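Let's work through a few short exercises on cysteines. Have a look at the structure first, then try each task before reading its solution.

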Amino acid sequence: MKRLAAAMLIAAWTCGCSNTPVRVESRAFPHQTYVSPERMIIAAVDNDSHPFLSRAGSTPRGYDSIKTYGATARARRVMRSLEGEYGLREVNAWPIEPLHMHCAVLEAPEGADRAALLATLSHDQRIALAQPLQTFATSTEQYNDPYVGLQRGFQQMDVAGAHPWSQGEGVKVALIDTGVDVEHKDLQGSIAAAANFVDGDAEQFRRDRHGTEMAGVIAAIANNREGIVGVAPGARIQVYKACWQLRFDADAARCNSFTLARALVAAFDAHAQVINLSLAGPEDPLLRDLIREGLRRGIVFVGAAASETAERASLFHEPGIIEVATAGSHSVPASVLYAPGREILTLLPGGHYDFASGDSIATAQITGVVSLLLAKDHGLSAAATYTLLHNSSAHPGAVAGGSDYVDACAAVIALVGRGSCTPPTAAPIKPILESSALTK
């Protein structure tokens, strides 16, 4: 009887069938660094890659132990020396196993020239990396009038035509964003894990708007008599809150190098297959190295594209990363893929629905399409994924004023090697949504 109960428990866990909302796990450090980043820097030193061993356990094998990765005594001593020599104060520190580094957020002395300090640190042979703590922002536009019209990205990309072949079944999608309403009825069963790298506020995590919007576009449940259908309703989302919602704007959020780095490592540890980064920001050495390590591991990264006229280089304008912009955008790199990003219906916290616009929502839609492809071929590389999406993009004219936006059905059909698609057509614009979705 015990064996039967254990087998049933394992089966329930592996199928992911439970509708119980996932518990939000707080992984925030006691003192976070998202209030005044202008005096903060990130510094890293080499860290011995040998894992520490936990104390012996009372297992049948006697002295089995669990391997964990931590900062070595040498790395800690070097960091203490750097603090003393340069007048720095450690705010937080954490070991980064994928890069074999011990990394710290350090506060520069009051009145110090941070740029000059970083230039000096970069010549210190003990330091593997030194950079400013940089800020990143989500890429969503406010929708002023929800009844002006509706552009149906689901139809424009012919997602329905792709679903008979793939719904993204079981693909692990890491959503690095704000929190998400993990109790939303249209996400029940879609959320595999949730961790908070910003604070310990579980209630705010569920109230965060931007991440909820992205999660809905990617993986809202199909055929549950609730709201909308995600591009990849069979995908399993890992929510990593690395961005905090701004009080003055319901959709705007900010992140930094520290919180994003910790979320990326968590996604690696959870074996994410695709990572959605619906945000924009400058080139960042630490994040760049982590993304390169993720690409080496076979992870597909999808990020919001920056304008070619931007003053600083974009974090995501890097070989191997799929950059996405809203269809109809101008002044973006030639390698960018397009998706509908205007007036897209998605989820809001509290069980609600509304429209969202911007490159963030376009990025999430491409992440959904990538999930459809990975469900059919788990070994698909980032380069092969990009080629499928690029070569199967719809031609301009399918939607008035549109760009070459990704055609989900054509991409999946090209991968499986059989079947056909109906060319997508523009959905009629309706002055009022013919449901109670907006007021539900």
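The exercises below deal with the disulfides of this predicted model.

**Exercise 1.** Find how many disulfides the structure holds.

*Solution.* Start with what to look for: a disulfide is a covalent bond between the sulfur atoms of two cysteines. In practice, look for cysteine sulfur atoms within 2.5 Å. Cysteine 243 and cysteine 255 fit, at 1.9 Å from S to S. Cysteine 409 and cysteine 421 fit as well, with their sulfur atoms 2.0 Å apart. The count comes to 2 disulfides.

**Exercise 2.** Work out the handedness of the disulfide between cysteine 243 and cysteine 255, and place its two ends in the chain.

*Solution.* Check the torsion about the S-S bond: it is about 85°, so this disulfide is right-handed. Now for the ends: cysteine 243 sits in strand E12 (residues 243-245) and cysteine 255 in strand E13 (residues 253-256). They are 12 residues apart, and the pair links distant parts of the chain.

**Exercise 3.** Do the same for cysteine 409 and cysteine 421.

*Solution.* Here the value about the S-S bond is -90°, and the link is left-handed. Cysteine 409 lies in helix H12 (residues 408-416), while cysteine 421 is in the segment after H12, 12 residues apart.

**Exercise 4.** Decide whether cysteine 409 and cysteine 421 are buried, partly exposed or exposed.

*Solution.* Buried means under 20% relative accessible area, and exposed means over 50%. Cysteine 409 has 1%, so it is buried. Cysteine 421 has 29%, so it is partly exposed. As for the other pair, cysteine 243 and cysteine 255 are both buried.

Key
Residues are numbered from 1 along each chain as its sequence is written. This is a predicted model: local features need pLDDT of at least 70, side-chain atom pairs count only at pLDDT 80 or more; totals for chains, interfaces and linings use all residues. Side-chain values use heavy atoms; hydrogens and water are left out. Helices (H or I, at least four residues) and strands (E, at least two) are DSSP runs, numbered from the N terminus. Buried means under 20% relative accessible area, exposed over 50%, partly exposed in between (1.4 Å probe, protein chains only).
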